[in-house]
Amino acid sequence: MLNERELHRYVQRVDGRWPLERVILGGARVLDLQGAPPQRERGSEYVAILISEYFAGVPWLERVYQAGNLWDASEMGGTADVHCYTPGEFERKRDTLPVVRQVADHGIELIDAAPPQN
């Protein structure tokens with residue numbers, strides 16, 4: 001079971017610094033909820049992908065450090081591997097990083113304010 005209240009608070013904390021367009025949550029805990037078998041390599045407990053145009057011009061490590069520090073591991077019951085991308089960076093990373101592709105394809109959309117794709 002996910003702590004939806006704390007997830008909402010986390011999104012609000014990050015959104016207060018960088019207005020978010022999309023937030024996708026994945027990781028072992030989400031896969032557990034989706035019925036993944038227990039005998040598997042778990043990987044990160046949570047993977048949070050945050051997408052915002054406002055990340056442009058902010059060094060990648062700074063975004064990840066700040067957004068990662070806003071995650072409350074004790075409330076969520078596990079740490080998160082946080083990824084912070086502009087929309088263009090997200091599309092490139094989706095093609096090149098398996099973890100990003102897996103979360104994008106199978107994760108839970110917490111915010112999806114992206115314009116519809118034609």
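# Buried strands and their surroundings

Arg22, Ile24 and Gly26 point one way from strand 1, Val23 and Leu25 point the other way, and all of these residues are buried. Here buried stands for under 20% relative accessible area, exposed for over 50%, and partly exposed for values in between, with a 1.4 Å probe and protein chains only. The model is a predicted one, in which local features need pLDDT of at least 70 and side-chain atom pairs count only at pLDDT 80 or more, while totals for chains, interfaces and linings use all residues. Residues are numbered from 1 along each chain as its sequence is written, and side-chain values use heavy atoms, with hydrogens and water left out.

## Overall architecture

The protein has 6 helices and 4 strands, which follow one another along the sequence in the pattern α-β-α-β-α-α-β-α-α-β. Helices (H or I, at least four residues) and strands (E, at least two) are DSSP runs, numbered from the N terminus. Along the principal axes, the C-alpha trace spans about 40 × 30 × 25 Å. For 118 residues a compact globule would have a radius of gyration near 13 Å, and the 14 Å found for the protein agrees with this; the radius is taken over C-alpha atoms, and the globule rule is 2.2 Å times the number of residues to the power 0.38.

Of the 118 residues, 36% count as buried. The accessible surface comes to about 6,900 Å², and 52% of that surface belongs to carbon and sulfur atoms; the areas come from the Shrake-Rupley method with a 1.4 Å probe, and for residues only the protein chains shown count as cover. Among contacts (heavy atoms within 4.5 Å) with a separation of 6 or more, residues 24 or more positions apart account for 70%.

## Strands 1, 2 and 3

In strand 1 (residues 22–26), 5 of the 5 residues are buried, so this strand is largely enclosed by the rest of the structure. Strand 2 (residues 46–51) pairs with strand 1 in the antiparallel sense over 5 bridges, where pairing requires that DSSP find at least two bridges between the strands. Within this pair, isoleucine 51 of strand 2 is the bridge partner of arginine 22.

Strand 2 is itself mostly covered, with 6 of its 6 residues buried: Tyr46, Ala48 and Leu50 lie on one side, and Val47, Ile49 and Ile51 on the other. In a regular strand the side chains alternate between the two faces of the sheet. With strand 3, strand 2 pairs in the parallel sense over 6 bridges, and cysteine 84 in strand 3 is the bridge partner of leucine 50.

## Nonpolar cores and helix 6

A nonpolar core is a set of buried Ala, Val, Leu, Ile, Met, Phe, Trp, Tyr and Cys residues joined through side-chain atoms within 4.5 Å. The largest core has 22 residues, and those with the most contacts inside it are Tyr10, Val14, Leu25, Leu50 and Ala67. Helix 1, strand 1, strand 2, helix 3 (60–69) and strand 3 (80–85) each supply at least two residues of this core, and the largest share, 4 residues, comes from helix 1. Apart from this core lies another, of 9 residues, among them Ile24, Val47, Phe90 and Val100. Leaving aside neighbours within four places in sequence, leucine 25 is in contact with residues including Leu2, Tyr46, Ala48, Trp71, Val103 and Leu110.

Helix 6 (residues 98–106) has Val100, Val103 and Ala104 as its buried residues. Seen down the axis of helix 6, these residues fall within an arc of 100°, so they line one face of the helix; the arc is that of the directions from the helix axis to the C-beta atoms. The buried residues of helix 6 pack against strand 1, strand 2, strand 3 and helix 5.

## Three polar residues

| Residue | Location | Relative accessibility |
|---|---|---|
| Glutamine 12 | helix 1 (residues 4–17) | 48%, partly exposed |
| Threonine 86 | loop between strand 3 and helix 5 (87–96) | 9%, buried |
| Arginine 63 | helix 3 | 3%, buried |

Not counting residues up to four places away in sequence, arginine 63 touches Trp18, Phe55, Val58, Cys84, Tyr85, Thr86 and Glu89. On the same basis, threonine 86 touches Ile51, Ser52, Glu53, Phe55, Ala56 and Arg63. Glutamine 12 and glycine 27 are 15 residues apart in sequence and 20 Å apart in space, C-alpha to C-alpha.
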